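The exercises below ask you to read a protein model with care, keeping its confidence values in view. Please work through each task before turning to its solution.

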Amino acid sequence: MPREPSSGSSNLVAPQPTRRRVAAVVLGVLACATWLSDFPQPAPLACVEPPGDTRVAVRVHCGEASDCAAAQALAIDVWSEHQGPGLPLDLVVYERDVPTLEAAGLRPEVLVSDIDAVARAEAQRLALPEIQKPSDWFGEFRDFGAISTHLGQLAALHPERATLVAVGSSIEGRPLWALRIGGQHPGSTPMLVNGAQHAREWIAAMVTTCVADRLVRDYETVPAIREFVDRTELWVIPVVNPDGYQYSWSSNRYWRKNRRGSHGVDLNRNFSVAWGGSGSSKEKRSEIYRGEYAFSEPETIALRDLARREHIALHIDFHSYGQLVLYPWNHTPAPAKERGRFTAVGDRIASAIYAAHKTSYSLKSGAQLYPAAGTMSDWMYGEADALSFTIELRPKGGSGFVLPPEQIRPTCDEGLAAVLELRAALD
Ligand SMILES: [Zn+2]
């Protein structure tokens, strides 16, 4: 289980009288001088750099499960949503623990040398006045309020093919906004696309909003989009975890769960297929806490009820990161009954994504990964009978959840390609 980050111990130390503080510094300098002259004797404590509380994202390649477990024991947070043989394991550790990983032969590769500095830089950029009054809406990341407004504008722009519907509300009372696109013709295929079950995965919220934008605006000019909209009733919910998403904007950039209590629930472990099984946790502090019982959260209830009511046949759950196209099962290595169909359609989706910008997304199933029980995709397939995929968007590793804003548009092209191809594959 991930450890809680410790609060900086320096904040707990009462200020010393000035004379005593100076004396401590002088003694420290003298001690360092002694250490330098007597090298290689062990450094006295006063000379060693204070233990670094800098939080570092590292990638390790652990061949054995025991190596992964050893690495995870040091982790403050686990960034890899999917783990398994051949997949790298991305962790957040304190800087002071990196040598321990090296000593264990895990060859940690630093992805982000200071994740909090990166988040601060992003927040400063987003606070700039020119970004708050956007001329290029998809040139930057947007918070829940801005995304909600944008969806409303799309519905107002083309009410004949787009309607804004609240399909439920979050624990803190935020609406779960869905843009319903198409569905004008009898026999339209019901499809669901959602993002941001996990709060910190901002690119998933932007890509789903952008997919909706493209489908609504480009209907007249792009034949493939016109064909899609004419034959589909698409429900797009860019932010299914609005409380967590807003919290990741206001308070903790790396927050993952919803805002149940002070701990939160991992929505993508709260669905009822294999709920409570491996790859989920009963510990409230865990990042994969599954909740008290299946569908204990209003956000997962809303998704379940929508899928049942609308008889959703096709589904994509967008996440980040890793550049993966994943199909059920997630909870067991046993192959899904329709495994052949999933691999054929998944191949087409990965090829369509590649055609957009020559970016490779790997196709995998739960059978090739460690299990994750209680996921939305397993429920959409197992209970709602939908052809369901989970897509982990950009990046492959790199900067993790904090993506440069220039990546929004190309990643949107990849998301749109996946949505169009999944619908085309049904024919
Ligand atoms: Zn996720």
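Three exercises with worked solutions follow, after a short note on conventions.

Residues are numbered from 1 along each chain as its sequence is written. This is a predicted model, in which local features need pLDDT of at least 70 and side-chain atom pairs count only at pLDDT 80 or more, whereas totals for chains, interfaces and linings use all residues.

**Exercise 1. Decide where the coordinates can be read in detail.**

Begin with pLDDT, the predictor's confidence in each residue, from 0 to 100. The protein averages a pLDDT of 88, and 88% of the residues score at least 70. Next, look at residues 1-51, where pLDDT stays under 50 and the model has 28 contacts beyond four places in sequence; two residues are in contact if their C-beta atoms, placed from the backbone, lie within 7 Å. Where pLDDT is low, the predicted coordinates should not be read in detail.

**Exercise 2. Trace the sheet of eight strands and what lies across it.**

First, fix the terms: helices (H or I, at least four residues) and strands (E, at least two) are DSSP runs, numbered from the N terminus, and two strands pair if DSSP finds at least two bridges between them. The sheet is open, with mixed pairing, and its order is β5-β6-β8-β7-β9-β12-β10-β11. At its edges stand β5 (162-169) and β11 (362-365), each of which has a single partner strand, so one side of each is left without a neighbour in the sheet. From one strand to the next the twist averages 20°.

Then take one pair within the sheet: β9 (residues 314-320) and β12 (residues 387-393) run parallel and are joined by seven bridges, with threonine 390 in β12 as the bridge partner of aspartate 317.

Finally, add helix α10 (residues 298-310), which lies across β5, β6 (175-182), β7 (189-195) and β8 (232-237) and runs at about 130° to β5; axes are lines fitted to C-alpha atoms, for helices over the stretch in contact, and angles run from 0 to 180 degrees between N-to-C directions.

**Exercise 3. Describe the setting of strand β3.**

Start with its partners. Strand β1 (residues 55-60) runs antiparallel to β3 and is joined to it by six bridges, and valine 58 stands opposite leucine 91 in β3. Strand β2 (residues 77-78) also pairs with β3 in the antiparallel sense, over two bridges, and here aspartate 77 stands opposite valine 92.

Then consider burial: a residue is buried if 20 or more other C-beta atoms, placed from the backbone, lie within 10 Å of its own. Five of the six residues of β3 (residues 89-94) are buried, so this strand is largely enclosed by the rest of the structure.

Methods
Buried ≥ 20, exposed ≤ 12 C-beta atoms within 10 Å, placed from the backbone.
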